[in-house]
Structures are given as structure tokens and as C-alpha cells.
Amino acid sequence: MTVLARAGDVTRRYGDVLALDGVSLDIRAGEMVGLLGPNGAGKSTLINLFVGLRRPTSGTVELLGGSPQDPARRLGIGVTPQETGLPETLRVGEIVDFVGAHFPKRVEKGELLERFGLSDLIKRQMGGLSGGQKRRVAVALAFTGRPRLVFLDEPTTGLDVEARRTLWEGIRAFHEEGGTVLLTSHYLEEIEALAKRVVVVGHGRVLADDTVDAVRAMVGVRRVSLVAENLPELPGVLGSELVDGRTNLVTTDPDRLVVELVRSGTPFSGLEVRPTTLEEAFLAITSKEGAHV
Ligand SMILES: Nc1ncnc2c1ncn2[C@@H]1O[C@H](COP(=O)(O)OP(=O)(O)OP(=O)(O)O)[C@@H](O)[C@H]1O
């Protein structure tokens, strides 16, 4: 299948901050890919590299078979960044015309607005729209130039349930017609609603690249934390680490683990069981250092 965007062992630094650390990723034609990760994971940086707003410190980035810096390639993509500042005095219809004028092919204005549930706002000035309405306009604009590939950075942030659903429908319709999408989110639920493939990013690295179902199974883990010496081998432990004298065990089945721990007769204290964050779960599972106490 044709690769529309490719990152090859990409590193990106901002001063001392290593925002991306050896990321390799292919986005193929017709895919809808969710980029999942906590704040600061590197999601926006990766999008900025793909769309040519930034260059990698090392490694290679390709867009539509060429350089992301080539304006001709950029005509084939649509982008909604995390923050958009659209001119407050322009009407929604005028903004769609203005953005559309940059592209050789474009979606008819009425059709575009209809698709994203914005038809009623065509004559309204941007400055008078609610935050959620502005966000929907910004996302719709990514589709104006009939792109092959769309990048959406947290498209539904700040939207209520209904607006989110309308937006999802617009994105899905584009995908069903063969369009390719890379979108970011902090929530697996959001990605699940749209994408089959999810790429989990943490600390600038790809922690998992799999189906939503596989990732869900991986993150359904708990952290069992306790103080003990000479712990025996316990069932279902995916990773463990020793922090400030406490042993943290990551497991999919905390009940069984605790039962086996008690059965073993090993003295312990300060037992805690709590959910792991997505990042903790992935770091525990994927960290080689964390695999053994
Ligand atoms: N222009 C910049 N200058 C300095 N540091 C930056 C810059 N842009 C990003 N960073 C840093 O790079 C790291 C990755 O940031 P990035 O915005 O890519 O993460 P993200 O996954 O998109 O986060 P969020 O979910 O909060 O949007 C963070 O530590 C961030 O502070």
C-alpha cells in the first residue's frame, strides 16, 4: 500500500528537551491512524514535522513521496493545528472561500459546511462564535482543498458530546471516501470511535503501534504497590520496579496476584492497588529495565 507520510528514525530537540527520540512511522493510503499519548509526549511535534512546519534534528521525514517543505506536496494535505487563530471579523463563508482559494481543487462550500454541521453559521463572524463552533470551523477547513491526507491535532478538544459526534461523522465520511487521516488525542475512547490503528507515544518514543483492541488489552492493567523483601515469583506480572523502597508490580490481574502473595506467606506491608495511567502502563510494559526487580 502507498505510504503517504513516513518518519524514519526521527529525532527532534528543542534545546535540552528531546521531544522525539528515534520515531519511525508510516502512514499508508486509506488509513485512519490515532496518535495517543499524554501531554508532552511529542504528538504535536511529530505532526509539525510531517506538515513541514519544523525540521527533524536527525532522521528523515517524507510527505506524499517528497519533502514536507515542498509547497506542491503541502497542497495535498489538510491540517488543523491544536490552536487556531482565525480572523475574528471574517464570516465563516468568507474564511472557507479564502482558504479554498489556495487549492486547485476544493470542496464546494455548502457541501463542506453541511458535512460538519456548520450550514447555519455561514454568515456569522468568527468573533461571535462559541469556542466549540470555532473549533469545528477550524477542523472543517482542513478538508477544503480535497486533501489526500489530513492531520488533526486534538480535533475535538472543548466540544460537547453532540458537536464531537458531528465532527466525527465529517471525519468518517472523508475516510470512507478513501481519505487518509492522522489524528491525535489524549483519550483511547476518542481514537476508538474513529480509528482502527493506534500509535501510542510517550517521552518522544513509539510505545505501541497496534489495533485499538490490542492496545486496550495492554492498558487494562493495575499497579500493585507494596513493601516487601524477597518477593516470590508472582503470576501475571508484566513489569516491576523498586521506587523509594516500594515494589511496584504492573499486572492485568491484581486480585490473583494478591491472593498468591498472601498464599506465599511472604511478609509485606503498605499494600495499594490502583489503576495505571496510559503512560505508566506502557512504560512499565515496554521498559526493559522495569521487567525485573
Ligand atoms: N517550540 C518549543 N520549544 C521548546 N520546547 C518545545 C517546543 N515545542 C514542544 N516542546 C517540548 O517538546 C515536548 C513535546 O511536546 P509536544 O507539544 O510535541 O507534545 P504533545 O504530545 O503534542 O503534548 P500535548 O498533548 O500537551 O499537546 C514537550 O516537552 C514540550 O515542552
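Start your tour by selecting Arg-223: across from this residue stands Val-250 in strand S12. Keep in mind that you're looking at a predicted model.

Now widen the selection to residues 222–228, which make up strand S10, and add residues 246–251 for S12. The two strands run antiparallel, with five bridges joining them.

Next, pick residues 237–243. That's strand S11, and S12 pairs with this strand too, again in the antiparallel sense, over six bridges. Want a single pair to look at here? Click Leu-242 and you'll find Thr-247 of S12 standing opposite.

How many residues lie between the strands in the hairpin of S11 and S12? There are two, and in this hairpin Asp-244 takes a positive phi near 50 degrees.

Time to zoom out. Colour 3–217 as domain 1 and 221–291 as domain 2, following the domain assignment of the chain. Going by C-alpha atoms, the centres of domain 1 and domain 2 are 38 Å apart.

Last stop: the ligand. Select the residues surrounding it, among them Tyr-14, Asn-39, Lys-43, Thr-45 and Gln-82. Strand S2 (17–28) and helix H1 (43–50) are the elements that each give two or more residues to this shell. Which of them supplies the largest share? H1 does, with three residues.

Finally, try colouring the shell around the ligand by residue type: you'll get seven polar residues, four nonpolar and one charged.

Terms used:
Residues are numbered from 1 along each chain as its sequence is written. This is a predicted model: local features need pLDDT of at least 70, side-chain atom pairs count only at pLDDT 80 or more; totals for chains, interfaces and linings use all residues. Domain bounds come from an automatic or database domain assignment. A residue is near a molecule or strand if its C-beta atom, placed from the backbone, lies within 6 Å of it. Helices (H or I, at least four residues) and strands (E, at least two) are DSSP runs, numbered from the N terminus. Ala, Val, Leu, Ile, Met, Phe, Trp, Tyr, Cys and Pro count as nonpolar, Asp, Glu, Lys and Arg as charged, and the others, Gly among them, as polar. Two strands pair if DSSP finds at least two bridges between them.
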